[in-house]
Protein chains: 2
Amino acid sequence: MPGRKAKGAPWWQGRFRGYGYRMTVPREAIVGVLSETSKHLSAEDIFLEVHKVYPSIGLTTIYRTLELLVQMGLVFKFDFGDKRARYELAEGPKGKRHHHHLVCIGCDTVIDYTDFIDEEIELLGQTEKGLSKKFNFKITNHLIQFYGLCKRCQNKK
Amino acid sequence: MPGRKAKGAPWWQGRFRGYGYRMTVPREAIVGVLSETSKHLSAEDIFLEVHKVYPSIGLTTIYRTLELLVQMGLVFKFDFGDKRARYELAEGPKGKRHHHHLVCIGCDTVIDYTDFIDEEIELLGQTEKGLSKKFNFKITNHLIQFYGLCKRCQNKK
DNA sequence: ATGAAAATGAAAACCATTATCAATAAAGAT
DNA sequence: ATCTTTATTGATAATGGTTTTCATTTTCAT
Ligand SMILES: [Mn+2]
Ligand SMILES: [Mn+2]
Ligand SMILES: [Zn+2]
Ligand SMILES: [Zn+2]
């Protein structure tokens, strides 16, 4: 099992350095938290989690670091309709993991899905091409979210 | 030209009454503003517009009425990434006009498009069906936005 | 016209996010 | 290991869109 617990420098350190940023304890901790969850955390969520291990790290730093991470393309920032921004690691050591979301309007649960991406990619590509031509609009990104009721919430009176 | 300037009760009054809400001057004015634009107005935009005719109507009422309208399904509320919510009439007398958006990250312009390309329709149907089955998720709505550069912003410097 | 209930406006409160700024810590040079 | 530069941090205050509060006004069925 190569490298499994080797404790070498985490893969993202090079990313920071590449951008000319310093590697710090708070940054390490924040990316650490994000890399250990599949949830869509708010700044405060992350703050609370980081706080357990480093009580001295402030919420301001969480916000600042998240902005950096978004700028670097390491983190996605989403708005699911509750008032807070939600953050999620954009990629792991294995590469990108672009995906779309199912948002339950009953319990605010967010489901990631990558399953249908493959079939979607083809159609998405064509859609984007068509729009680009029709409106002379250079598409760089897209946001696709489906809203509805999750299994649990469908069975609630 | 049947009914063109007939000045009969606007079509949305019945909607308010149907929900048990009263018809008031501010509500009339707010829907009026929304029905005369194709832009995506913020609460303040609407306030300013209404203010020209009814200087006594306050911003609070704008917010309250917009929330009502969204609840009634008469108005869509969007978040395009600037900090303010944007509102847009969901339908006219002729029915729904569901559409998607192209958002320019250069000038914040938002382009509506309703003439979905075949690929997009297929993409949506296929995706929604697959997702519903796989996750047992009842999809009721979707949000699709493409981000990029509009024609003008592509030709800047 | 009357009166109960709904709706409004002014002001204060909310609250996620940002800006400020003095203190601290990272990293290259010595 | 120490020094030096300067990015980074944390406490605090400020911001700004949106909500709450509550006394006053308006709607509309009677
Ligand atoms: Mn996700
Ligand atoms: Mn629109
Ligand atoms: Zn749910
Ligand atoms: Zn533009």
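How do the residues of the surface near DNA strand C divide into nonpolar, polar and charged? They divide into seven nonpolar, six polar and eight charged. The structure is a predicted model, with protein chains A and B set around DNA strands C and D. The surface near DNA strand D has seven nonpolar, six polar and eight charged residues.

**DNA strand C**

- There are 21 residues around DNA strand C, and those that come nearest are Tyr63(A), Ala85(A), Thr24(B), Thr61(B) and Arg64(B).
- Of the atoms of this strand that come within 4 Å of the protein, 66% belong to sugar and phosphate.
- The side chain of Thr61(B) has an N or O atom 2.3 Å from a phosphate oxygen of DNA strand C.
- For Thr24(B), a polar side-chain atom lies 2.8 Å from a phosphate oxygen of the strand.
- From chain A, Arg84(A) places a side-chain N or O atom 2.9 Å from a phosphate oxygen of DNA strand C.
- Three helices each supply at least two residues of this surface: H4 (59-72) of chain A, and H2 (25-35) and H4 (59-72) of chain B.

**DNA strand D**

- Around DNA strand D there are 21 residues, of which Thr61(A), Arg64(A), Arg22(B), Tyr63(B) and Arg84(B) come nearest.
- Sugar or phosphate accounts for 67% of the strand's atoms within 4 Å of the protein, and bases make up the rest.
- A base oxygen of DNA strand D lies 2.5 Å from a polar side-chain atom of Arg22(B).
- Arg84(B) has a polar side-chain atom 2.7 Å from a phosphate oxygen of the strand.
- Ala85(B) uses its backbone: an N or O atom there lies 2.8 Å from a phosphate oxygen of DNA strand D.
- H2 and H4 of chain A and H4 of chain B each contribute at least two residues to the surface near this strand.

**Helix H3 of chain A**

- Helix H3 (residues 43-53) has Ala43(A), Ile46(A), Phe47(A) and Val50(A) as its buried residues.
- Viewed down the axis of H3(A), these buried residues fall within an arc of 100°, so they line one face of the helix.
- In an α-helix there are 3.6 residues a turn, so residues three or four places apart point the same way.
- The buried residues of H3(A) pack against H2 (25-35), strand S1 (41-42), H4 and strand S3 (86-89) of chain A.

**Confidence in chain A**

- Mean pLDDT for chain A is 89, and 89% of its residues reach 70 or more.
- Over residues 2-6 of chain A, pLDDT stays under 50, and the model has zero contacts for them beyond four places in sequence.

Note on methods
Residues are numbered from 1 along each chain as its sequence is written. Chains are lettered from A and ligands numbered from 1 in the order in which they are written. This is a predicted model: local features need pLDDT of at least 70, side-chain atom pairs count only at pLDDT 80 or more; totals for chains, interfaces and linings use all residues. Side-chain values use heavy atoms; hydrogens and water are left out. A residue is near a molecule or strand if one of its heavy atoms lies within 4 Å of it. A polar contact is a pair of N or O atoms within 3.5 Å; within protein, one must be able to donate a hydrogen and the other to accept it, and residues adjacent in sequence count only if both atoms are side-chain atoms. Helices (H or I, at least four residues) and strands (E, at least two) are DSSP runs, numbered from the N terminus. Ala, Val, Leu, Ile, Met, Phe, Trp, Tyr, Cys and Pro count as nonpolar, Asp, Glu, Lys and Arg as charged, and the others, Gly among them, as polar. pLDDT is the predictor's confidence in each residue, from 0 to 100. Contact means heavy atoms within 4.5 Å. Buried means under 20% relative accessible area, exposed over 50%, partly exposed in between (1.4 Å probe, protein chains only). The arc is that of the directions from the helix axis to the C-beta atoms.
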